[in-house]
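Here is a colleague's note for someone opening this entry for the first time. Please read the points with the sequence and the structure side by side.

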Amino acid sequence: MKKIKLDLTDKQYEITIGAKLVRQINRFLKEKKYSQVVYLVDVEFYKFYKDRMDNLIKGYNVMFNFGGEDYKNLKYLSFVLEDMIKYKMDRKSALVIVGGGVTGDLGALAASLYMRGISVIHVPTTLLSQVDSSVGGKTAINFEGIKNIIGTFHQPDAVFIDTTFLRSLSQKDILSGIGEIIKYGFIMDEAFTDYIKLHIDELIEMEPAVLEHVIHESIRLKALVVTADEKESDYRKILNFGHTIGHGLELLDNFGLSHGQAVAAGMIFESVIAYDRNLISKEYLDEITALCSKVVTLKEFTDNEKNYIIKNLSYDKKNEGDSINMVLPVARGQVKVINDIKKEEIHNSFRSVI
Ligand SMILES: NC(=O)c1ccc[n+]([C@@H]2O[C@H](COP(=O)([O-])OP(=O)(O)OC[C@H]3O[C@@H](n4cnc5c(N)ncnc54)[C@H](O)[C@@H]3O)[C@@H](O)[C@H]2O)c1
């Protein structure tokens, strides 16, 4: 079992990584003396781990939630808030969220709004939520077709990452998590990229020692970024590498990409733009493309699809006129926010799949 401490200005909390953490979670909840604990559990996850979950939730009120982007909206947020009222949660109560990034983002948003904010404990159950969404305090739902447009910053009291919960994940959800894992190496740690390159097949096979190491390293790197810039005023933006174009790709229905796969594809196209601008060598572009291609298979887009992707880029509020902000690689293990990307450059980057 390993622990990583997140030391933020107003809050400190621990992220515990290990196997079979039920006892640790129960002990933490008892020590904190919350007035009440309510669980919010991903129903798909519950089907796989009913026995272990029943041990964990025994004696507590439980709400169930669906995973998947279709359920990350106002309607399901209000269901959670209604149940919080029904269970008479008060300001000293805690919501323990057990599920993937969708349940985590939605549940933590509900907790941040209810009575102006109650405690949250994350128990992430997908690889993506373990290496990314459960750490750092971002909460959100989608609204009016715009992803993550309503959200808050709300740091949890603790995060418990149980790697044995990942055995039931679909191949697509494994690859989704690996997409975000790869990103950490590209944005800030070339030694981590070297490790992943060496162990990528074992990682896809979820070999326990490799899995635990990359989860730990991913969280360590994310914690460094979040500690330096909790509210994303500047430096935290580096975590968005691959996300600007990835966002448009994720919305392209017939492509059927998970979040992390879309990020991996986004990292390829955004690296092509960096190469076209002479920011990186062909050798490094090939390295990024090869690693991301372990996670996603690119396809050729029709003109309509290209226009759709560009229309649905994830826009930073600082985008001005025709210029788009994007995080581009500038060297191995290093990225930079570039403010003057043009739509034609994105169009040109799609040639890489021809
Ligand atoms: N808050 C952040 O900082 C942040 C960062 C990255 C991504 N996100 C968000 O995370 C979301 C994606 O998260 P996700 O990929 O976990 O999606 P998800 O929560 O939809 O989970 C994917 C699928 O796996 C199922 N599932 C959950 N645990 C399982 C398990 N152990 N075994 C089998 N199936 C299981 C879910 O029911 C769902 O069908 C997106 O909405 C994205 O915007 C947030």
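The points below take up the surroundings of the ligand and then two asparagines.

1. The model is a predicted one, and that should be kept in mind throughout. Around the ligand there is a shell of 30 residues, of which Glu 44, Gly 67, Gly 100, Gly 101 and Ser 133 are the closest. Two or more residues of this shell come from each of the helices α2 (43-48), α5 (101-113), α6 (127-133) and α7 (171-188).

2. By residue class, the shell around the ligand is made up of 15 polar, eight charged and seven nonpolar residues.

3. Where does the ligand lie with respect to domain 1 (2-168) and domain 2 (171-353)? Because residues of the shell are given by domain 1 and by domain 2 alike, the ligand lies between the two domains.

4. Asn 148, which belongs to strand β8 (residues 146-153), deserves a look at its backbone, since its phi is positive, about 55°, although the residue is not a glycine. Asn 148 counts as partly exposed because 16 C-beta neighbours lie inside 10 Å, a count that falls between the limits of 12 or fewer for exposed and 20 or more for buried.

5. A positive phi is also found at Asn 278, again a residue other than glycine, with a value near 60°. Asn 278 sits in the loop that runs between α11 (259-276) and α12 (282-292). Is Asn 278 buried or exposed? With 7 other C-beta atoms within 10 Å, Asn 278 is exposed, because 12 or fewer such atoms place a residue in that class.

Methods. Residues are numbered from 1 along each chain as its sequence is written. This is a predicted model: local features need pLDDT of at least 70, side-chain atom pairs count only at pLDDT 80 or more; totals for chains, interfaces and linings use all residues. A residue is near a molecule or strand if its C-beta atom, placed from the backbone, lies within 6 Å of it. Helices (H or I, at least four residues) and strands (E, at least two) are DSSP runs, numbered from the N terminus. Ala, Val, Leu, Ile, Met, Phe, Trp, Tyr, Cys and Pro count as nonpolar, Asp, Glu, Lys and Arg as charged, and the others, Gly among them, as polar. Domain bounds come from an automatic or database domain assignment.
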